[in-house]
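Thanks, everyone. Let me walk you through the model on the screen.

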Amino acid sequence: MSTLAPPSETLPEVSPAVSEETATDFTAAAADLAVILATGKFPAGSITAVPENAGLDQTTWIVDRDVLFDLAGELKTNPATRYDMLLDLCGVDYPDRAERFEAVYHLLSLPRNARLRLKVPLQEDDAAVPSLIAVWKGIDWFERELWDMFGIRVDGHPNMRRILCHEGFQGHPLRKDYDAARRWILTEDKIYQPKFNLSEGGDDLFERMAINIGPSHPAMHGTFRLMAILDGETITASEVEIGYLHRCFEKMAETHTWNQVIPYTDRLNYCSSFINNVGYCKTVEKLLNVEVPPRAVWARTILSEFSRIMDHCVCNGTTLVDTGGLTNFWYLFQPREEIYGLLESCCGARLTVSYGRIGGLSQDLPPDFMERSRKLLEMIPPLVADAEKLVDKNRIWIDRSVGVSAISGEEAVNWGWTGPCLRASGVAYDVRRAHPYDLYDTLDWEVPVLFGGDVYDRFRIRMMEIKESLKIIRQLLDRGMPEGPYIVDDPHVALPPKEACYTQMEAMIYHFKLVMDGIQVPAGETYQMVEGANGELGFYVISDGTGKPYRIKVRPPCFPIFSTFPRLINGGALSDAIATLGGLNVIAGELER
Amino acid sequence: MSNPKNPTSSPMSNMVGESWVTTKLEVLEDWAQRNSFWPFPFGTACCAIEFMSTVSSHYDVARFGSEVVRFSPRQSDVLLVAGTINDKMAPVLKKIYDQMADPKWVISMGACACSGGFYRAYHVMQGIDEVIPVDVYVPGCPPTPEGLIYGILQLKEKVLRDRRKHARHDAKEQSEPDKETIERVDAGSTV
């Protein structure tokens, strides 16, 4: 694992990076239960491991909620376990079970590269879990979501109110007995107004002012609402409200067949929709245990990297627009247009591609794919370099970004950060390197790391990653396009070729069954992640063996990152808050699903 | 512009030189309006990214006079709703629309804004016309920039058509038809 920049003096601590020796094993956590029980702090029977032969993809424990808080603290601090990051928390509803709800925690230990899943079964009439904010700060919004979606109370949470649904909403939509289309109207009088204490902290009462920015404000990217107290220009307290783009992805997924979910995944992080396709398809393929043909894997890797470039371009472009650099935006949008052209030639769509399919791709690559891609490789670097040159030594940009909203690696991990933002704080965690998938472990590339943890480094790291992505693509193109099918040859998973449908009875029946009933995914559950453009994009999928998903939980990388926003901007100037938001790359579609 | 081969010699041309136009005030106003929309991009989701493409250099909506993006409802005359509007956002959208001064128009960009798209869901409004009137619906998920530009051009047509309708209506009331002026200005030739 190489680093491309020396550690800066201001932030000397470097969180442990993932070492290659311990990498790539979901079962690294298998022995942890013995370690935890050996501490003697937990009564017998309060924690049980799901046996390995139950077919689960990673170590899973069933935990009694009475010991959950202590267990979380122990898992984090015990030097033998060191689960320093909470990846995801979600609920699952099983109306037929005696213990109707289940709260599922996904943990990650960066130093050990181990993953652990905790399940807490809960009775319907007493559905409550203790808040774990004291252990992992990043769990804050996940706990609010748990309440909002399932009505599972979180005891001890400082701000227990709805997060995604609006204030006039009744009921908890992800419960199985909630009708997917049942809407509630929000009236003006119910809109949330924070109760700030204007006299709190400080004595200069006359200068205090409460302001509201957004959601319809260009600096809030159209969908976030920031409420802050200003002392002069300094933000002394702030709160963020989201939910203005919550469009019920997870409920929609439960009412559609497995392949029909793919277009919905496009609209999570719509700046790099193909990566979402890949992440979702990989998860279902893991449940189905199908092997994707090499041609599709090759194309997926290349197009994922192109998507990453597009995403970084739009993120850096809008960051600079927010700080007054409109020209860069025009420059950085040009690579996007060029890549759109490639995607359009592959599948007909520019932005929301839906090009992935479970088992491969929706159609073959165009004949001129190589030629087009090579042309892009020549075209993109000068465009990006032009944009970079405009700000590289720009006094205004440097003044507005260096040292602004800096966060240390350790703290970022505690908040659940992943992706470029975390790597800008000195932690070299990249899913492509830590848990290699597709072709990433066969390629020569580096994980750029910077140590400033500020707006400037978050900008620079994306520029560096664009170059790494280009390197990956170049190597893959040099290897040449693998021959063979673009989707797995299994009539239970992929539609038969059109000619066969018209000429063979059997193929027609398979086609009919797949279209009408969908893929029959065997019962089970799995968590699979890819490196999205803004961090670890995970899908936790539960199948009950029917043609539709039982539950899909997306682990949105920007959700924990954006929950840190008040912490980042408090104490800074209001203009710093604007500069900060762009660099976090918060994509509303993914944030709120 | 006056014809140089046939220079006018009215007192007016003596005063202001040869470049002058006569028309009715409302026709002039209408001509200016429909050739320079100032859109308020109410962008929330994927469509907003395609809107960015439309204003960027490649598609360059400036060619159609609609590039002066204004984020204040007081300064804009076209509300361009790009993206899903859910029930939490609905009061915000309504408020923005109410704050815009007349004359104002609304373009609904994309399937979600038009009808809720494929989100038949508990938190998504099934089309923005539940709360505000819409002039042009642009289909697509998201629409291509060409599609959006076509929508903007359609809105131009609509502004003109509405004006003519009103003109006819006024004409009937005043029983003094004066379509000729409108036609001439529309064709680009002036007196």
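Into which domains is chain A divided? Domain 1 covers 31–155, and domain 2 covers 249–592. Keep in mind that this is a predicted model.

Let's start inside chain A. Take the centres of domain 1 of chain A and domain 2 of chain A over C-alpha atoms: they are 28 Å apart. The two domains touch. Domain 1 of chain A gives 19 residues to that contact, and domain 2 of chain A gives 22 residues.

Now look at the domain 1 side. Which elements of chain A each supply at least two residues there? They are β3 (85–93) and α3 (140–150). The largest share comes from β3(A), with 6 residues. As for chemistry, this side of domain 1 has 9 nonpolar, 5 polar and 5 charged residues.

Next, the contact between the chains. How many residues does each chain put in? Chain A puts in 39 residues, and chain B puts in 33 residues.

Stay on the chain A side. Three elements of chain A give two or more residues to the side that touches chain B: α4 (249–254), α8 (326–347) and α20 (588–592). Of these, α8(A) makes the largest contribution, 4 residues. By class, the chain A side holds 22 nonpolar, 9 polar and 8 charged residues.

To recap. On the side of domain 1 of chain A that touches domain 2 of chain A, β3(A) has the largest share. On the side of chain A that touches chain B, α8(A) has the largest share. That's my tour. Over to you.

Technical notes:
Residues are numbered from 1 along each chain as its sequence is written. Chains are lettered from A and ligands numbered from 1 in the order in which they are written. This is a predicted model: local features need pLDDT of at least 70, side-chain atom pairs count only at pLDDT 80 or more; totals for chains, interfaces and linings use all residues. Two residues are in contact if their C-beta atoms, placed from the backbone, lie within 7 Å. Ala, Val, Leu, Ile, Met, Phe, Trp, Tyr, Cys and Pro count as nonpolar, Asp, Glu, Lys and Arg as charged, and the others, Gly among them, as polar. Domain bounds come from an automatic or database domain assignment.
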